[in-house]
There are 2 protein chains.
Amino acid sequence: MENFSFYAPTYFAFGKESENEVGKLVKRFGGTKVLIHYGGGSVVRSGLLDRVKKSLDEQEISYMELGGVKPNPRSGLVYEGIDICKDNAIDFILAVGGGSVIDSAKAIAAGAIYDGDFWDYYTGKRVNQALPIGTVLTIAAAGSEGSPDSVITNEDGMYKRGSSGEGLRPKFSVLNPELTQTLPAYQSAAGITDIMAHLMERYMTNTTDVEVTDRMIEGLLKTMIHEGPKVIENPNNYQARANIMWAGMMAHNNSCGVGRSQDWASHDIEHELSATYDVTHGAGLAVVMPQVMRYNMNHDLMRFVQLAHRVWNVEIDFTDLETTANKGIDAFQQYLASIGMPTTFAQIGAKEEDIPAMAHSACYGNKRTGTIGGFVSLNEEDVINIYKMCL
Amino acid sequence: MENFSFYAPTYFAFGKESENEVGKLVKRFGGTKVLIHYGGGSVVRSGLLDRVKKSLDEQEISYMELGGVKPNPRSGLVYEGIDICKDNAIDFILAVGGGSVIDSAKAIAAGAIYDGDFWDYYTGKRVNQALPIGTVLTIAAAGSEGSPDSVITNEDGMYKRGSSGEGLRPKFSVLNPELTQTLPAYQSAAGITDIMAHLMERYMTNTTDVEVTDRMIEGLLKTMIHEGPKVIENPNNYQARANIMWAGMMAHNNSCGVGRSQDWASHDIEHELSATYDVTHGAGLAVVMPQVMRYNMNHDLMRFVQLAHRVWNVEIDFTDLETTANKGIDAFQQYLASIGMPTTFAQIGAKEEDIPAMAHSACYGNKRTGTIGGFVSLNEEDVINIYKMCL
């Protein structure tokens with residue numbers, strides 16, 4: 001295990017009707033003039049936005065609104081939000097929505113107290129300070145509600161890039177599993193896939209002696225395997241939604257990723273698909289992830305045997321470890337298909353002819369220097385090979 | 001899963017030489033006049049105390065010292081510490097030691113800004129405010145480095161009782177596994193047992209649909225099973241110490257205990273042993289815990305079958321689930337014996353004739369009202385029966 005620091009000071013209010021605590025929480029964490037940030041009409045139609053406003057009203061907290069966040073959130077709206085904050089002395093950002101809304105809110109929070117272009121934070125600069133952020137989560141997926149991370153797509157070049165830093169950890173997050181019950185099955189499955197991806201990216205490590213984090217990741221993966229199909233079958237299964245919601249936060253607050261190298265190649269390879277085709281992030285990951293695993297398998301075969309055996313209950317063939325490892329990846333891919341996720345380029349409308357440009361962008365775009373991936377260092381040719389495996 | 005709130009804003013500096021960051025961390029969290037609290041001579045002899053002081057000196061932070069904390073920390077020293085804080089305008093408590101030192105520091109921190117008797121906090125009053133606390137951990141065991149809990153023995157009546165509240169969460173904790181390498185095997189084993197007990201007390205729940213926390217607990221228990229024997233065999237195994245140290249924090253910061261009822265009967269039953277015979281907490285737990293499990297087994301047989309199968313790899317006998325469950329408890333008890341822990345009253349010098357008084361104290365002492373345990377409600381007669389099973 002490597003040295004590390006860990007600091008996750010987000011307050012979580014979890015459970016039924018917890019969104020009614022929003023006003024008190026904003027007050028507790030010092031907000032007096034709030035920008036409520038959200039996406040499309042669903043939070044309006046469901047009455048959630050009204051409940052949030054009522055909770056703020058009860059605490060006599062003033063607010064402005066900025067809706068319109070789209071999946072794979074864009075830089076344009078971020079600039080708009082930053083201007084609103086600067087012009088109106090906003091001192092707290094409240095995100096009401098899923099990972100896209102939260103990530104957009106984080107970008108606004110960072111940019112609102114920064115003199116330069118907020119995009120600097122998405123090309124390597126760490127976010128040490130930002131306006132305080134609170135979230136009301138409506139999709140269990142991104143883990144952004146408890147993480148110091150944000151991903152934004154820059155419309156100038158369509159680069160989808162990530163930022164990180166302690167300034168981006170929400171002060172509080174409201175997690176009411178009921179709010180996720182109206183999600184369509186496809187979005188639920190994409191969220192499940194994203195959560196599993198956050199675990200897999202951490203599992204793919206070159207650090208030895210990481211039993212504690214291995215075991216936590218395995219336990220969380222098993223939770224997803226067990227609970228995921230329940231919400232696909234019955235979207236109103238509160239208890240399964242609740243288990244997934246807490247697993248989604250734990251998967252990405254990094255308590256199971258400390259002290260170990262991580263991979264994130266699948267995310268980088270997927271981000272090009274999202275940027276190019278506006279495909280749902282989780283769906284893109286479902287296509288990419290199993291192929292990245294197959295491509296990297298012989299880098300550390302025993303890690304994949306361990307994954308196959310401990311997580312997917314594959315019986316070990318001691319005379320053929322490679323087959324054992326592959327059976328684990330097969331099981332993962334079958335699981336993803338079983339909850340309705342795509343597994344090929346064709347299913348997400350991705351095209352073979354775009355592969356060279358996407359591989360180049362993944363490895364060289366937006367100040368990158370030729371390779372991606374912390375587990376296996378992948379160059380442009382590797383990424384081309386992986387995309388081709390997805391056809 | 002039940003509704004819950006979760007807030008664990010402790011900064012962790014983990015790894016080799018991390019104690020050298022103490023000065024900067026005290027400064028970061030606002031300390032200007034520190035009380036360094038510690039136990040016996042080992043932190044002096046090892047040079048740790050000097051390194052801590054040097055780190056404070058480098059930041060020009062002034063400090064006073066109060067040593068002398070004993071295992072099963074006593075109220076007398078707490079009163080002494082409170083007086084020092086009040087008389088000298090101490091604004092930060094730095095605990096250098098194991099759980100006993102940290103718990104004593106927490107009691108001082110709470111009492112230092114309270115007009116009444118600090119013991120009020122150990123008879124039901126929650127600690128919402130206290131002086132800020134930092135810790136430099138030297139034993140992986142109590143989990144107090146990341147928890148809002150403290151346990152103190154009141155010398156007036158020898159009641160060993162717990163307190164809790166957000167005011168008791170350390171602002172930071174320094175976790176350097178090297179510092180635990182000098183621990184004698186018996187103390188290491190007692191720490192391992194305490195960590196497993198924190199997990200088992202949470203596993204014993206009456207809340208249904210808690211897959212995510214079940215799986216996290218199981219993963220952490222498996223970590224302890226895997227790593228524990230390594231440090232008994234070789235105390236200098238840094239990596240095993242590191243895995244245990246993070247598992248010990250995760251076992252008790254409650255991220256794996258949220259949204260579910262918990263038990264804590266074994267702790268309450270053990271505390272009488274510690275109070276009566278000054279036995280090491282973990283050793284007392286090793287004696288008590290398997291018997292509490294046997295006594296409670298038929299309250300929810302399938303929970304014990306799940307534990308046996310998932311954690312102890314017991315093959316399920318579908319025609320005899322009781323035997324399956326018992327094999328899991330047997331495996332736990334054998335594991336504890338294998339790392340050198342006692343399993344009977346005789347081995348810890350406990351006496352049959354003291355059973356009635358201990359059972360009475362556990363159920364009625366210090367304002368208790370007749371029963372203990374959140375999994376099965378145990379009365380005085382039940383506790384007598386359990387103590388007798390330990391003979």
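**Notebook: core, interface and salt bridges of a two-chain model**

**Entry 1. A residue in α6(B).** I began with L199(B), which is found in helix α6 of chain B. The model is a predicted one. L199(B) has a relative accessible area of 0%, so I noted it as buried. Leaving out neighbours within four places in sequence, I listed its contacts as I217(B), L220(B), L221(B), A251(B) and C256(B). I also looked up the spacing to M250(B): the two residues are 51 apart along the chain, and their C-alpha atoms are separated by 9.3 Å.

**Entry 2. The core.** Next I asked which residues have the most contacts inside the largest nonpolar core. They are W246(A), L273(A), W312(A), W246(B), L273(B) and W312(B), and that core has 227 residues. As background, nonpolar side chains tend to be buried together in soluble globular proteins. I then took W312(A) and left out residues up to four places away in sequence; it touches M196(A), M200(A), I225(A), L307(A), G328(A), A331(A), F332(A) and Y335(A).

I looked at A308(A) as well, which sits in helix α11 (residues 301-310) of chain A. A308(A) is at 0% relative accessibility and therefore counts as buried. Beyond four places in sequence, A308(A) touches N313(A), V314(A), T324(A), A325(A) and G328(A). G328(A) is thus on the list for A308(A) and on the list for W312(A). For a long span I checked A308(A) against I152(A), 156 residues away along the chain; their C-alpha atoms are separated by 33 Å.

**Entry 3. The interface.** I counted 38 residues of chain A in contact with 38 residues of chain B. The area buried between the two chains is about 3,500 Å², with carbon and sulfur atoms giving 60% of it. On the chain A side, M1(A), Y7(A) and W246(A) lose the most area to chain B, together 18% of what that side buries. W246(A) is also among the residues with the most contacts in the largest nonpolar core.

How many salt bridges cross the interface? The rule finds 0 between chain A and chain B. For polar contacts, the count between the chains is 16 residue pairs, both residues at pLDDT 80 or more. I then looked up which elements of chain A supply at least two residues each to the side that touches chain B: β1 (4-6), β2 (11-14), α7 (211-233) and α8 (238-252). The largest share, 10 residues, comes from α7(A). By type, the residues on this side of chain A divide into 21 nonpolar, 10 polar and 7 charged.

**Entry 4. Salt bridges.** Over all chains the count comes to 30 salt bridges. I picked out E272(A) and R161(A), whose closest N and O atoms are 3.4 Å apart. E272(A) is in helix α9 (residues 265-277) and R161(A) in strand β8 (residues 159-164), so this pair ties together parts of chain A that are 111 residues apart in sequence. Is E272(A) buried or exposed? It counts as buried, at 4% relative accessibility. R161(A) counts as buried too, at 3%.

Two pairs in α7(A) came next. E218(A) and R215(A) form a salt bridge with the closest N and O atoms 3.8 Å apart. They lie 3 residues apart in helix α7 of chain A, about one turn, and both are buried. E211(A), R215(A), E218(A) and R310(A) are linked in a network of salt bridges. The other pair is E227(A) with K230(A), closest N and O atoms 3.3 Å apart. These two are also 3 residues apart in α7 of chain A, so about one helical turn separates them. E227(A) is buried at 3% relative accessibility, whereas K230(A) is partly exposed at 27%.

**Entry 5. Loops of chain B.** R260(B) is in the loop between α8 (238-252) and α9 (265-277). R260(B) counts as buried, at 5% relative accessibility. Its side chain reaches the backbone oxygen of Y203(B) at 3.2 Å and makes a 2.9 Å polar contact with the side chain of T213(B). Other residues that R260(B) touches include E2(B), D214(B) and R303(B).

Last, I looked up two backbone angles. D209(B), not a glycine, has a positive phi of about 55°. It lies in the loop between α6 (185-203) and α7 (211-233) of chain B and is partly exposed at 35% relative accessibility. N313(B), also not a glycine, has a positive phi near 55°. Its loop runs between α11 (301-312) and α12 (321-338) of chain B, and N313(B) is exposed, with a relative accessible area of 64%.

Technical notes
Residues are numbered from 1 along each chain as its sequence is written. Chains are lettered from A and ligands numbered from 1 in the order in which they are written. This is a predicted model: local features need pLDDT of at least 70, side-chain atom pairs count only at pLDDT 80 or more; totals for chains, interfaces and linings use all residues. Side-chain values use heavy atoms; hydrogens and water are left out. A nonpolar core is a set of buried Ala, Val, Leu, Ile, Met, Phe, Trp, Tyr and Cys residues joined through side-chain atoms within 4.5 Å. Buried means under 20% relative accessible area, exposed over 50%, partly exposed in between (1.4 Å probe, protein chains only). Contact means heavy atoms within 4.5 Å. Buried area is the accessible area (1.4 Å probe) that two parts lose on being put together, summed over both. A salt bridge is a side-chain nitrogen of Lys or Arg within 4 Å of a carboxyl oxygen of Asp or Glu. A polar contact is a pair of N or O atoms within 3.5 Å; within protein, one must be able to donate a hydrogen and the other to accept it, and residues adjacent in sequence count only if both atoms are side-chain atoms. Helices (H or I, at least four residues) and strands (E, at least two) are DSSP runs, numbered from the N terminus. Ala, Val, Leu, Ile, Met, Phe, Trp, Tyr, Cys and Pro count as nonpolar, Asp, Glu, Lys and Arg as charged, and the others, Gly among them, as polar.
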